[in-house]
Structure formats: structure tokens, C-alpha cells
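Trainee: I have a structure open, and I would like to learn how to read it. Where do we start?

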Amino acid sequence: MLIPHDTRIALDAVVDLVNTAPESEPPPDDVSDGLVDGSADGLPDVATLYAFAERHHISGVGTLGEKDLQAVRDVRAGFAEVFAAPDARTAAELVNRLVAAAGTTPQLTDHDGYDWHVHYFSPDASLADHLAADCGMALAFIIVAGEQERLRRCEAPDCGHAFVDLSRNRSRRYCSSRTCGNRLHVAAYRARRKEAAG
């Protein structure tokens, strides 16, 4: 799947944003106690919101306050719904709502050393509208390509983080093969060894 650079950056941002949410309920297939790794809010204050914007090289952020923090948390909740959508139609309706609420105004731009690309937000947009527009359009790109099933949650029973499966055959199951995937594979190996020995 060929994904333009700016779309990939927006997909990384939306995944990171969704994964800052405190998990109040387990993924649908989980019957654990309900708390997922990292159950505290990853955006607890305005300082972490600034850090998020800086980490994702979001330009034109300006001064942020508590109102901006709450608006970004609301957008985050909308994106979490997209990752949980049971089908493309539902995901599309959710993305349409987010993008429309952001007052999307597409424009071509070349800044910060990047070649021409499209910004879907107005130059004076709030951080929440910036994220809703750009990240929403990145998710729209995935849905339009018929690839909504690539918007996933980690299958590790104690995780549930969001990720976009960009593997060729759509086979990725974990948010990180280094952490969740490796941990589960080691546990399965140990269980097989124990069973064989015992």
C-alpha cells in the first residue's frame, strides 16, 4: 500500500494520540479486570499536550490552554471510535463527523523542508481542529482504499493499543513485535516447553 509522506505522518500522530487515552474498558475480546497497560491519561496537562505537538512536528500551535487540552481529548475519543468501528461505513461516518467539525479547508503547502503536500485545516486552526482535519483525512485515505481493517488494536491481552497495520499481507497482530509480540511468543514457547517436560 503506497501512502504519501504527509498521510503517514498523520497516521503516526493519530495512533499516538489514541494511545494516550486512559483505557476505561478492555478491548472487546478481553475478559480481564478492565485496565489496560498505561491506564493513566497520557495527556494529563497542557505541558504534555505541547510535548505531543512538538514530538509530531505540528506547526503553528501557538498558545495552548485547558480548553485546547479538552478539545484534543474530545478529538482523541472520536478517533478511538474510528479504530473500534465494526465496518467501513461506520468508520466513514465517524471520520466525516470529525473532519466536518474541524472546518476543513484543504490547501497546498511546502514548509519545514517538506515538498508540496495538502493541509486540510485553516492556517489559524486550533490544535484540535488541526488534528481532526489532518488525521481524519489520513484515516479517510485508509478507508477509501478499502483498508479499514488495517486500523487495529493490539491483540496482546494486557495491551489494546491502536496501530495501523501496514504489513503487506495485513498480518500484524501486535502494536509492537518487540514488546507485545515478543513477550507473547516467549510465553507460548515457555508453555510448550513446560508441557513437553511435564
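We go from the overall layout to single residues.

Mentor: First, the ground rules. This is a predicted model, where local features need pLDDT of at least 70 and side-chain atom pairs count only at pLDDT 80 or more, while totals for chains, interfaces and linings use all residues. Residues are numbered from 1 along each chain as its sequence is written, and side-chain values use heavy atoms, with hydrogens and water left out.

Trainee: How many helices and strands does the protein chain have?

Mentor: Start with the terms. Helices (H or I, at least four residues) and strands (E, at least two) are DSSP runs, numbered from the N terminus. Here there are six helices and four strands. Read from the N terminus, their order is α-α-α-α-β-β-α-β-β-α.

Trainee: What share of the residues counts as buried?

Mentor: Buried means under 20% relative accessible area, exposed means over 50%, and partly exposed lies in between (1.4 Å probe, protein chains only). Of the 198 residues in the protein chain, 39% count as buried.

Trainee: And how do I read contacts along the chain?

Mentor: A contact means heavy atoms within 4.5 Å. Take contacts between residues at least 6 apart in sequence: 51% of them join residues at least 24 apart.

Trainee: Let me try one helix. Which residues of H2 are buried?

Mentor: H2 covers residues 46-55, and Val 46, Leu 49, Phe 52 and Ala 53 are buried there. They cover an arc of only 110° around the axis, which puts them on the same side of H2. That arc is taken from the directions between the helix axis and the C-beta atoms. On the other side of H2, Ala 47 and Glu 54 are exposed.

Trainee: What covers the buried residues of H2?

Mentor: The cover includes helix H1 (5-18), helix H3 (66-84) and helix H5 (127-144).

Trainee: What happens at the start of H2?

Mentor: Look for a polar contact. That is a pair of N or O atoms within 3.5 Å; within protein, one must be able to donate a hydrogen and the other to accept it, and residues adjacent in sequence count only if both atoms are side-chain atoms. Here a side-chain oxygen of Asp 45 comes within 3.3 Å of the backbone nitrogen of Ala 47.

Trainee: And just after H2, which residue has a positive phi?

Mentor: His 57, at about 50°. His 57 is not a glycine. It sits in the loop between H2 and H3. His 57 is exposed, with a relative accessible area of 63%. Arg 170 is another non-glycine with a positive phi, of about 55°. Arg 170 lies in the loop between S4 and helix H6 (177-197), and counts as partly exposed at 32% relative accessibility.

Trainee: Now the interior. Which residues touch the most other members of the largest nonpolar core?

Mentor: A nonpolar core is a set of buried Ala, Val, Leu, Ile, Met, Phe, Trp, Tyr and Cys residues joined through side-chain atoms within 4.5 Å. The largest has 45 residues, and Val 72, Phe 79, Val 82, Phe 83, Leu 127, Leu 131 and Leu 139 touch the most other members. H1, H2, H3, helix H4 (88-101), H5 and strand S4 (162-164) each supply at least two residues of this core. H5 gives the most, with 11 residues.

Trainee: What does Val 72 touch?

Mentor: Skip residues up to four places away in sequence. Val 72 then touches Leu 17, Leu 43, Leu 49, Leu 127, Ala 128 and Leu 131. There is also a second, separate core of seven residues, which includes Cys 154, Ala 156, Cys 175 and Cys 180.

Trainee: How many disulfides does the structure hold?

Mentor: Zero. A disulfide is a pair of cysteine sulfur atoms within 2.5 Å. The sulfur of Cys 175 is 3.7 Å from the closest cysteine sulfur, in Cys 159, so it is too far for a bond. Cys 180 is in no disulfide either, and its nearest cysteine sulfur, that of Cys 159, is 3.7 Å away. Cys 180 is buried, with a relative accessible area of 5%.

Trainee: One last residue. Is Thr 109 buried or exposed?

Mentor: Buried, with a relative accessible area of 18%. Thr 109 belongs to strand S1 (residues 107-109). Leaving aside neighbours within four places in sequence, Thr 109 contacts Asp 115, Trp 116, His 117 and His 119.
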